[in-house]
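Here are some short exercises for practising how to read a protein sheet. Try each task on your own before you look at the solution.

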Amino acid sequence: MGCINEITGHTKLTGLLGSPVAHSVSPKMHNEAFRLLGLDYVYLCFDVPVENLDTAYEGLKKLGVAGFNCTMPDKTRMAQLVDQLSPAASIIGAVNTVVNERGTFIGHNTDGIGYVMSLKDSGHDIQNKKMTLLGAGGAASSIMVQSALDGARAIDVYSIKDQFWGKAEEMIAAINERTNCKAALIEMTSDDRLGASIAESDILCNATPIGMAPNHTDQCLIHDPKMLREGLIVSDIIYNPRETLLFQMAKNAGCSVLNGMYMLLYQGAEAFRLWTGKEMPVDIIKEKYFQ
């Protein structure tokens, strides 16, 4: 236990499909967790653009791999390829984790679980909370669906009318139909309406690229600091930079603040659990790679 595993004839393959993937922290995180638990698994990265995904997926199925992660631009297509979808992945229409269960390849979306767990890590619970969610793209979709499934009371989703709007309308309808959460999709047009929503909310989450390095660090979707108040939970799922303008503004207003680092950690931990049946030693992984 705890020794570096050598590759053997029994080593189970996991990995990451997407393009680009060379920058990913996932191989370090998963391989260290396998080592710590003495598990005979390995995690590798495969640069697979979406036009090659069907062939890569069929190859991985034929090889009988234990499972794999998907990142952009492969998540939506993977949801169409797998044999079955989890409840969250079914609503979202995107997959970031695939598990081989006795030859049946099941698609999951652990991004939302990563978000909910990152809240818990900060001492908060999504249950019975109202959230104002900025954005309706891939990450926002995962967050809204998992939050609803895990007992959020209400979610107001603010977005511009972009390419994600139609899909977001479908997801909002599914949330209202399949969960007890009251969800609404609202076009982001005025600070007044957004401010009123935040005033009624327990959580404000930014799931857009606004604030992200390298091109958007001088931007923030909250234009008036008075929208933020002490006691409001503010999460910005961006982790580069660690403190966005929204993060800094919220900290100055006395909010409870968190970035996206632990969402990344916990989505990986959930994938690890699905593949191995074991809990990732998150405290050690967190200290080593996420400080």
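**Warm-up: a helix across strands**

Helix α9, made of residues 245-252, lies across β10, β11 and β12, and runs at about 160° to β12. Keep in mind that this is a predicted model.

**Exercise 1.** Find the order of the strands in the open sheet, and name the strands at its edges.

*Solution.*
- Step 1: Walk across the sheet. The six strands come in the order β9-β8-β7-β10-β11-β12, and the pairing is parallel.
- Step 2: Look for strands that pair on one side only. These edge strands are β9 (182-187) and β12 (256-258).
- Step 3: Check the twist. Neighbouring strands of this sheet are turned by 15° against each other on average, direction ignored.

**Exercise 2.** Follow the chain from β7 through β8 to β9, and describe how these strands are connected and paired.

*Solution.*
- Step 1: Start at β7. Together with helix α6 (residues 138-149) and β8, strand β7 makes a right-handed β-α-β unit.
- Step 2: Continue from β8. With helix α7 (residues 165-178) and β9, strand β8 makes another β-α-β unit that is right-handed.
- Step 3: Count the bridges. β7 and β8 pair in the parallel sense over five bridges, while β8 and β9 do so over six.
- Step 4: Pick out example pairs. L133 has V157 in β8 as its bridge partner, and S159 stands opposite E187 in β9.

**Exercise 3.** Sort the residues of β8 by the way they point, and decide whether they are buried or exposed.

*Solution.*
- Step 1: Recall the general pattern. In a regular strand, side chains alternate between the two faces of the sheet.
- Step 2: Apply the pattern to β8. A154, D156 and Y158 point one way, and I155, V157 and S159 point the other way.
- Step 3: Check the cover. Six of the six residues of β8 (residues 154-159) are buried.

**Exercise 4.** Describe the surroundings of S235.

*Solution.*
- Step 1: Place the residue. S235 is found in strand β11, and it stands opposite L258 in β12. Three bridges join these parallel strands, β11 and β12.
- Step 2: Judge its exposure. The relative accessible area of S235 is 2%, and the cut-off for buried is under 20%, so S235 is buried.
- Step 3: List its neighbours. Leaving out residues up to four places away in sequence, S235 touches Y115, L204, C205, N206 and L258.
- Step 4: Look for a polar contact. One of 2.7 Å joins the side chains of S235 and Y115.

Terms used
Residues numbered from 1 in each chain as written. Predicted model: local features only at pLDDT ≥ 70, side-chain atom pairs only at ≥ 80, totals over all residues. Heavy atoms only, no water. Pairing = 2+ DSSP bridges. Helix = DSSP H or I, 4+ residues; strand = E, 2+ residues; numbered from the N terminus. Axes fitted to C-alpha atoms, helices over the stretch in contact; angles between N-to-C directions. Contact = heavy atoms within 4.5 Å. Buried < 20%, exposed > 50% of the residue type's maximum accessible area, 1.4 Å probe, protein only. Polar contact = N/O pair within 3.5 Å; in protein donor to acceptor, adjacent residues only side chain to side chain. Right-handed = clockwise from strand over helix to strand, strands pointing away.
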